Amino acid sequence: MTTAASEPSTERVPGRVWTIRLTGHADRTATVTCSTAACRMPPRSKDVAGLRAFAAQHAAAHARVATVHANAWCHCGSSQCAAHPDTAAHCAGGVALVLQHDPLVGRVWTLEEVCEACAPLIPNARVLARVPRSSPANQRRDGQAPAPQVSSMPARSAVPGGFSSPTAQPTEGQAHQPRRPRRTSRPARRRGQGS
């Protein structure tokens with residue numbers, strides 16, 4: 001009986017991408033779609049705010065489940081860096097999982113595996129997880145690199161997916177943002193006094 005090796009593959013694989021899209025229709029309804037065909041989406045509805053919240057939660061769910069592939073090609077680079085056409089970059093560094101979402105438009109959430117060089121250049125994107133680079137200190141005695149470990153950022157807000165909301169309350173253990181001090185009023189200047 002033979003067994004397959006359990007070592008991680010060093011062969012490069014295409015960087016993955018997931019796109020969740022909120023689409024409006026002429027009858028004032030909307031639908032949510034996901035680029036993963038197996039995902040179940042809610043039916044067409046007039047509750048656009050509810051569908052937008054679902055789309056944000058769905059993107060967050062994909063981000064939680066995805067394990068960043070250490071041997072992935074940069075998805076941005078494979079599309080000729082179309083996400084940042086005005087800024088040239090050569091793909092380099094480790095692999096990161098980024099979420100790209102423009103809060104002003106609020107219709108598309110894109111998760112993709114990109115390189116560390118492209119990640120900061122993509123507008124409205126934030127890094128959710130990354131594969132740490134291996135250093136000589138991390139090498140095993142047999143000369144092989146250790147299995148990649150993925151570091152994930154903890155959730156920062158009570159709103160699923162980390163999006164801000166004016167109605168979101170901080171969860172237990174989260175610090176409240178300090179308020180700016182009020183302006184002190186100046187004493188009123190009386191008329192007729194020196195100028």
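1. A good place to start is strand β4, residues 108-115: seven of its eight residues are buried, so the rest of the structure largely encloses this strand. Buried here means under 20% relative accessible area. Please keep in mind as you read on that this is a predicted model.

2. Which strands pair with β4? One of its partners is β1, residues 17-24, which lies antiparallel to β4 and is joined to it over five bridges. If you would like a residue pair to look for, find Ile20, whose bridge partner in β4 is Trp109.

3. Strand β3, residues 95-101, also runs antiparallel to β4, and seven bridges connect the two. Here you can pick out Val95, which has Cys115 as its bridge partner in β4. Together β3 and β4 make a hairpin, with six residues lying between the strands. While you are in that turn, have a look at Gly106, where phi is positive at about 65 degrees.

4. Now step back to the whole chain, which contains two helices and six strands. Read from the N terminus, the order of elements is β-β-α-α-β-β-β-β.

5. How much of the chain counts as buried? Of its 195 residues, the share is 26%. You can set that beside strand β4, with seven of eight residues buried. As for the surface, the chain exposes about 14400 Å², and 52% of this comes from carbon and sulfur atoms.

6. A last point concerns contacts along the sequence. Among contacts in the chain with a separation of 6 or more, 56% are between residues 24 or more positions apart.

Terms used
Residues are numbered from 1 along each chain as its sequence is written. This is a predicted model: local features need pLDDT of at least 70, side-chain atom pairs count only at pLDDT 80 or more; totals for chains, interfaces and linings use all residues. Side-chain values use heavy atoms; hydrogens and water are left out. Buried means under 20% relative accessible area, exposed over 50%, partly exposed in between (1.4 Å probe, protein chains only). Helices (H or I, at least four residues) and strands (E, at least two) are DSSP runs, numbered from the N terminus. Two strands pair if DSSP finds at least two bridges between them. Contact means heavy atoms within 4.5 Å. Accessible areas come from the Shrake-Rupley method with a 1.4 Å probe; for residues, only the protein chains shown count as cover.
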